[in-house]
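Visitor: I'm a first-year student, and I'd like a close look at the sheet in this model. Could you walk me through how the strands are arranged and what sits around them?

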Amino acid sequence: MFTGLNETLYGNGDICGTNYIVTCIGAVDPQQTSPCRRTKTVTVTVTDSCTVEADGKPCSTFVLSAEAFAQIARPQAGLAKVAYKL
């Protein structure tokens with residue numbers, strides 16, 4: 001399970017290889033149904049930074065691998081609000 005981080009958290013890359021515990025806490029859009037699964041927490045390893053997502057928008061805090069996202073949220077949701085700790 002791995003993740004990329006936005007440049008603020010990634011910094012100069014010293015955090016690469018460390019782990020974060022990421023928990024799904026709800027929908028990004030409050031009018032949507034929560035995307036969270038019953039197993040809402042996953043541990044991920046930082047492997048990269050991210051400046052721009054595929055749609056051209058600035059990166060979210062975390063860009064989880066598909067497998068990591070699927071552990072905590074329904075994949076079709078695409079986005080989820082998360083809490084995290086190092």
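Guide: Let's start with a word you'll need: a residue counts as buried when its relative accessible area is under 20%, and as exposed when that area is over 50%, with partly exposed in between. Keep in mind, too, that this is a predicted model.

Now for the sheet. Five strands make up an open sheet, and reading across, you meet them in the order β4-β1-β3-β2-β5, with mixed pairing. The edges belong to β4 (62–64) and β5 (81–85); each has a single partner strand, so one side of each is left without a neighbour in the sheet. From one strand to the next, the twist averages 45°.

Let's go through some of the pairings. Strand β1, residues 2–6, runs parallel to β3, and 5 bridges link the two. Find glycine 4 and look across to β3: its bridge partner there is aspartate 48. Next, β3 and β2 are antiparallel, again with 5 bridges joining them. Here you can pick out isoleucine 21, whose bridge partner in β3 is threonine 43. On to the edge: β2 (residues 19–26) and β5 are antiparallel as well, joined by 5 bridges. In that pairing, cysteine 24 has valine 82 of β5 as its bridge partner.

While you're at β5, stop at lysine 81, which sits in this strand. Its relative accessibility is 43%, so lysine 81 counts as partly exposed. Leaving out residues up to four places away in sequence, lysine 81 touches Thr23, Cys24, Ile25, Gly26, Ala27 and Val28. Compare its position with aspartate 48, the residue you met in β3: C-alpha to C-alpha, lysine 81 and aspartate 48 are 20 Å apart in space, and they are 33 residues apart in sequence.

What about the side chains? In a regular strand, they alternate between the two faces of the sheet. The largest nonpolar core has 17 residues, and those touching the most other members are Leu5, Tyr20, Val22, Val44, Leu64 and Ile72. At least two residues of this core come from each of β2, β3 (41–50), β4 and α2 (66–72). Take valine 22 as your example. Not counting residues up to four places away in sequence, valine 22 touches Lys40, Thr41, Val42, Val44, Phe62, Leu64, Ile72, Val82, Ala83 and Tyr84.

Now head for the other edge strand, β4. In the loop between β4 and α2 you'll find serine 65. Remember that cut-off of under 20%? Serine 65 has 6% relative accessibility, so it counts as buried. Beyond its neighbours within four places in sequence, serine 65 is in contact with Met1 and Phe2.

Next, follow the chain to the loop between α2 and β5, where proline 75 lies. With a relative accessible area of 45%, proline 75 is partly exposed. Setting aside neighbours within four places in sequence, its contacts are Arg37, Phe69 and Ala70. Proline 35 is 40 residues away from proline 75 in sequence, yet their C-alpha atoms are 8.3 Å apart in space.

Last stop: the largest pocket, with a volume of about 540 Å³. Its lining takes in 22 residues, and Ser60, Phe62, Gly78, Leu79 and Ala80 are the ones nearest the centre. Both edge strands turn up again here, as β4, α2 and β5 are the elements that give two or more residues to the lining.

Conventions
Residues are numbered from 1 along each chain as its sequence is written. This is a predicted model: local features need pLDDT of at least 70, side-chain atom pairs count only at pLDDT 80 or more; totals for chains, interfaces and linings use all residues. Side-chain values use heavy atoms; hydrogens and water are left out. Two strands pair if DSSP finds at least two bridges between them. Helices (H or I, at least four residues) and strands (E, at least two) are DSSP runs, numbered from the N terminus. Axes are lines fitted to C-alpha atoms, for helices over the stretch in contact, and angles run from 0 to 180 degrees between N-to-C directions. A nonpolar core is a set of buried Ala, Val, Leu, Ile, Met, Phe, Trp, Tyr and Cys residues joined through side-chain atoms within 4.5 Å. Buried means under 20% relative accessible area, exposed over 50%, partly exposed in between (1.4 Å probe, protein chains only). Contact means heavy atoms within 4.5 Å. On a 1 Å grid over the protein atoms alone, a cavity is a set of points where a 1.4 Å probe fits but cannot get out, and a pocket is an open set with protein on both sides within 12 Å along at least five of seven lines; lining residues have an atom within 4 Å of a point. Grid points are joined across faces, edges and corners, and a volume is the space filled by probe spheres set on the points.
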